[in-house]
Amino acid sequence: MKKQIVSVLAAMCLTAAVATPSFAEMTVSTDGSTSMEKVIGSLGEAFSNKYDDVTFTYNPTGSGSGITAAEEGRCDIGLSSRALKADEAKTLDGATLALDGIVVVVNPANKVNDLSIDQIAKIFKGEVTSWKDVGGADNPIVLIGREAGSGTRDGFETITNTKDACKYRQELTSTGDVMTVVSKNENAIGYISLASMNDKVKGVTVEGVAATEPTIADGSYKIQRPFVLVTKKGAKLSEGAQKFIDFAFSDEAKPILIKAGVVPVAKK
């Protein structure tokens, strides 16, 4: 009898081993935009609580790196805070998860509260070099930007028509670094994701419109861009990755996205 029970247990274990998905199939690896950190962190936490059999990871490397990682198969889902370019779209699929405002930020001590897109462009191109010329103190403007390959930089420069023309004093590798530098320099100006805003810096209105979820949704705030989930075209997603994408676009995820400061977009 004892021998028979052992045999039955062994058979049960073998069956379980065959039925259980492999570790790779139940892991979701994401890589890319640092601006999406709050959004992906919130979604990842909720997703992990819902599916405790799936391991979720996020590697904040920047949009360009995330797109490359998805292309090369080094992650399940790339994260981009800009739309895919035409050549990238030949081999990759991009699904817009949400819309995010790019906030032009200054030090809280700065008296300037509003700028036009034309003024912003002239400032970042080095054509306006003193705060006094836009209603501030007689101090030199210090330009802070993101590194080449940043989705935030690409979105900002595209919308303000300053691509490859900005005269940055510093080019930083994350949203957090931009906030830190601007918060410590009264003459600095930079740009960050609305989803990352805090009281360390002050967001200026753009042509009288503040960056908020409603103004992004209705298009009245002009400096905005998409948050995109990037996958390899034609490649079958792992079970875990498909679960995450389905969750990210579900009604359940919408309040999580809104709380993270972005505007959810229906999956197309």
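Reader: What makes you say that I189 touches V104, L115 and W131?

Author: Contact here means heavy atoms within 4.5 Å. I189 touches V104, V105, V106, L115, I123, F124, W131, I141, V142, L143, I144 and V182, leaving aside residues up to four places away in sequence. Keep in mind that this is a predicted model, where local features need pLDDT of at least 70, side-chain atom pairs count only at pLDDT 80 or more, and totals for chains, interfaces and linings use all residues. Residues are numbered from 1 along each chain as its sequence is written, and side-chain values use heavy atoms, without hydrogens and water.

Reader: Why is the set with L115, I120 and I189 called a nonpolar core?

Author: The name fits because such a core is a set of buried Ala, Val, Leu, Ile, Met, Phe, Trp, Tyr and Cys residues joined through side-chain atoms within 4.5 Å. The largest one has 39 residues, and L115, I120, I123, F124, F156, I189 and I223 touch the most other members. Strand 4 (92-106) is among the elements that supply at least two residues, and its share, 5 residues, is the largest. Strands are DSSP runs of E with at least two residues, and helices are runs of H or I with at least four, numbered from the N terminus.

Reader: How do you know whether N161 is buried or exposed?

Author: Buried means under 20% relative accessible area, exposed over 50%, partly exposed in between (1.4 Å probe, protein chains only). N161 has 64%, so N161 counts as exposed.

Reader: And what makes E207 partly exposed?

Author: E207 has a relative accessible area of 47%, so E207 falls in the in-between class.
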